[in-house]
Amino acid sequence: MDIFLNITQIKPDDYRAFTFFIGCMAMMAASVFFFFELGNTEKAWKTSLLVSGIITFIAAVHYYYMRDYTIAMQVAGKSGKELSPTFFRYVDWLLTVPLMCVEFYLITKKAGAKIALLWKLILASVVMLVTGYWGEVSASAENTNATIWGTISALAYFYILYEVMWGEVKTLAASAGPAVAKANNLLGWFVLVGWVIYPIGYLAGTASGQWYASFANLGLDMDIIYNIGDAVNKIGFGLVIYSLSRSSSN
Ligand SMILES: *C/C=C(C)/C=C/C=C(C)/C=C/C1=C(C)CCCC1(C)C
């Protein structure tokens, strides 16, 4: 099979491939925007904005490959879970979610955030993602792995949410001034509402044969849900950082 797949092979009703395609474009556009805006950003916010651009750029590259992957599988006659680029998906997340934790550290650093806080957030995000990955790849109608690993993953997720909304990050953001407090609050809402899209995708994708099969089957594909989540969260996070960099500029 030709490895240089042509995007014209996307079938008109293949929403999975289509959302990978449009996700790639959106991430690329966002990266160009963040990178170009670096030039007229105050020094204090340059690194934060650079990280925003790196996050969307890493995602753009992964989306480029994930789109090809899913089309290749489609063309090879595969179906169901085989169409999901699970490995690339989690490699992408393992790079980008810790970078989102870095954003929390960067915006609270001038209020005294310690490197230990950053490591706690990164560790929690790695636990969340590695267990999620195990849950996805080992899920089957014969076992309860998806539930067990998904639960551990969710605990790590709640820890991050707690730190951002009510814990150390929140306290530091409050003492860093109103602009940072507001940005942190907005980012917290992304973690609360935006990140919840992911466990919904996970439940939908692993539902077969599980106790949650009846309600998790939304008729929506797991990848489509994840793709929506990524666009909302990665670009949204970046825009919050961008507006923070503007509000305290001049
Ligand atoms: C840019 C990518 C982001 C922000 C990805 C975030 C992913 C999550 C918050 C995933 C969370 C999961 C759970 C809370 C439980 C089930 C397994 C996961 C990994 C889907």
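Which helix is Ile122 found in? Let's work through this and two further exercises together.

This is a predicted model, where local features need pLDDT of at least 70, side-chain atom pairs count only at pLDDT 80 or more, and totals for chains, interfaces and linings use all residues. Residues are numbered from 1 along each chain as its sequence is written, and side-chain values use heavy atoms, with hydrogens and water left out.

**Exercise 1.** Place Ile122 and describe its surroundings.

*Solution.* Start with the element: Ile122 is found in helix 4 (helices are DSSP runs of H or I with at least four residues, numbered from the N terminus). Next, Ile122 counts as buried because its relative accessibility is 15% (buried means under 20% relative accessible area, with a 1.4 Å probe and protein chains only). Finally, leaving out residues up to four places away in sequence, Ile122 touches Pro98 and Cys101 (contact means heavy atoms within 4.5 Å).

**Exercise 2.** Do the same for Thr96.

*Solution.* Thr96 lies in helix 3. With 0% relative accessibility, Thr96 is therefore buried. Beyond its neighbours within four places in sequence, Thr96 is in contact with Ile55, Ile58, Ala59 and Lys234.

**Exercise 3.** Describe the shell around the ligand.

*Solution.* Of the 18 residues around the ligand, Trp93, Met128, Ser153, Tyr198 and Lys234 come nearest (a residue is near if one of its heavy atoms lies within 4 Å). Then look at the helices: helix 3 gives the most to this shell, with 5 residues.

Notes: Helix = DSSP H or I, 4+ residues; strand = E, 2+ residues; numbered from the N terminus. Buried < 20%, exposed > 50% of the residue type's maximum accessible area, 1.4 Å probe, protein only.
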